[in-house]
Amino acid sequence: MKICSLLPSATEILFALGLGDQVVGVSHECDFPPEARSRHVLIKSRISHTESPAAIDRQVREFLARGESLYSVDLEAMRAIEPDLIVTQDLCHVCAATPDDLASALSRLTRPPQVVTLNPHSLADVCADIRLVGRATGSFDRAEAVIANFEKVLARVQPVAAGTARTRVLCLEWLDPLYVAGHWVPEMVERAGGTDVAGQAGKPSFRITWEAVVEAQPEVIVIMPCGYSLQDAEKEFGAMSLPREWHDLPAVRTGRVFIVEASGYFSRPGPRLADGLLILADAIRAESQTPHTPQGSEPILRIQTGAVSLGPPA
């Protein structure tokens, strides 16, 4: 089977199912596992990702206002491959190519491929999508094994005892303008022993003001810019001008502000969300100990809260 995966989470799922040798086409963001980078890149973003978060946000809004796709499809490469299966998504028109982006390309293929569309909103939906891909590829048993391991890792996070106060957590998915994380992230916060003070489980991310952040009084702040590596997220956060009230937030006063590797462990609805839950649980419960770090990676950074630039009051 010749498979084209048009989003990073699907690529991770396919490789987890042992189908990496059948993945022949990917998107420009498919970088895990590293072998995925050697596949044909079929999808490219029309947005410049070298600019500031504010400029990227402005480009996205302008494209969407004009009704234009954010992605271009390499039709000639897709024709040359003649895929048997294409895996895409219909969750976010900003994050990855959707069926609408593929319509023109698919109509020009001599042999229409099977198209599997993923649309997860929760951790249970992630498992359902793994199962869906397993069925489409004849790898159902392997999919069940991957799901079992995923759920086993999730179970390592023990539920908070009844009557125990939950930690107030703010997860920021974008920094300029501010967006709070949605979909499965608030559920991860809940499972990890926190209460998400802004995000809504199963719902998309949305903009929030600094005034709302100050009013929420988060005890833990997790910075997880969508599509950013840990190093890039740290750079963007370091360049921010934060409001004067920043140092008065409980999370800042107690040194519980974290930057995480969002692309690997929070933004992509695939198997590594389980590790993301462990990272988040340790961040929420962290005092002086080092948060959980999966072997061979550095997915989280505790912020030195004094080393930030303060702007005017919120």
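Colleague: I should like to begin with strand β5 (residues 85-89) and β6: in which sense do they pair, parallel or antiparallel, and over how many bridges?

Modeller: The general idea is that strands of a sheet pair through backbone hydrogen bonds, in either a parallel or an antiparallel sense. In this model, which is predicted, β5 and β6 pair in the parallel sense, over five bridges. To locate the pairing, look for I86, which stands opposite V115 in β6.

Colleague: Which strands form the sheet that holds β5 and β6, and in what order?

Modeller: Six strands form an open sheet, and their order is β4-β3-β2-β1-β5-β6, with mixed pairing. At the edges stand β4 (71-73) and β6 (114-118); each has a single partner strand, so one side of each is left without a neighbour in the sheet. From one strand to the next, the twist averages 20°.

Colleague: Which helix lies across β5 and β6, and at what angle does it run to β6?

Modeller: That is helix α5 (residues 123-136), which runs at about 170° to β6. Helix α5 also appears among the elements that cover the buried residues of α1, together with β1 (3-5), β2 (23-27), β5 and β6.

Colleague: How many residues of helix α1 are buried, and which are they?

Modeller: A residue is called buried when its relative accessible area is under 20%. Helix α1 (residues 8-16) is mostly covered, with eight of its nine residues buried. The buried residues are P8, S9, A10, T11, E12, I13, L14 and F15. Just after α1, G18 takes a positive phi of about 80°.

Colleague: Let us turn to another strand. Why is β7 described as largely enclosed?

Modeller: One counts the buried residues along the strand. Strand β7 (residues 167-175) has seven buried residues out of nine, so it is largely enclosed by the rest of the structure.

Colleague: Which strands does β7 pair with, and in what sense?

Modeller: There are parallel and antiparallel cases to read here. Strand β9 (residues 194-196) runs parallel to β7 and is joined to it by three bridges; V169 stands opposite D196 in β9. Strand β11 (residues 220-223) also runs parallel to β7, with four bridges between them, and C171 stands opposite V222 in β11. With strand β8 (residues 178-180) the sense is antiparallel, over three bridges. There, W174 stands opposite Y179 in β8.

Colleague: What joins β7 to β8 along the chain?

Modeller: A hairpin does so, through two residues.

Colleague: How many aromatic pairs are there in the whole structure?

Modeller: A search finds three aromatic pairs. To classify a pair, one examines the angle between the ring planes, and an angle over 60 degrees counts as edge-to-face. The rings of W210 and W246 have planes at 90° and centres 6.2 Å apart, so this pair is edge-to-face. The pair links distant parts of the chain, the two residues being 36 apart: W210 is in helix α8 (residues 210-216), while W246 is in the loop between β12 (241-242) and α10 (250-253).

Colleague: Are W210 and W246 buried or exposed, and what are their relative accessible areas?

Modeller: W210 is buried, at 18%, and W246 is buried as well, at 2%. W246 also forms an aromatic pair with F237; this pair is tilted, with 5.8 Å from centre to centre and 50° between the planes. F237 counts as buried too, at 5% relative accessibility. Ring pairs thus link W210, F237 and W246 into a cluster.

Colleague: Where is R272 found, and which residues does it touch?

Modeller: R272 lies in the loop between α11 (262-265) and α12 (273-285). Leaving aside residues up to four places away in sequence, R272 touches E12, F32, S263, G264 and Y265. Of these, E12 belongs to the buried residues of α1. The side chain of R272 reaches the backbone oxygen of G264 at 3.3 Å. R272 has a relative accessible area of 15% and is therefore buried.

Colleague: How many helices and strands are there in the protein chain, and how much of the chain is buried?

Modeller: The protein chain has twelve helices and 15 strands, and 52% of its 314 residues count as buried. Its accessible surface comes to about 14,100 Å², with 49% of that belonging to carbon and sulfur atoms. Among contacts between residues at least 6 apart in sequence, 67% join residues at least 24 apart.

Key:
Residues numbered from 1 in each chain as written. Predicted model: local features only at pLDDT ≥ 70, side-chain atom pairs only at ≥ 80, totals over all residues. Heavy atoms only, no water. Buried < 20%, exposed > 50% of the residue type's maximum accessible area, 1.4 Å probe, protein only. Pairing = 2+ DSSP bridges. Contact = heavy atoms within 4.5 Å. Areas by Shrake-Rupley, 256 points an atom, 1.4 Å probe, with all protein chains shown as cover. Polar contact = N/O pair within 3.5 Å; in protein donor to acceptor, adjacent residues only side chain to side chain. Axes fitted to C-alpha atoms, helices over the stretch in contact; angles between N-to-C directions. Phe/Tyr/Trp six-rings, centres within 6.5 Å; stacked < 30°, edge-to-face > 60°.
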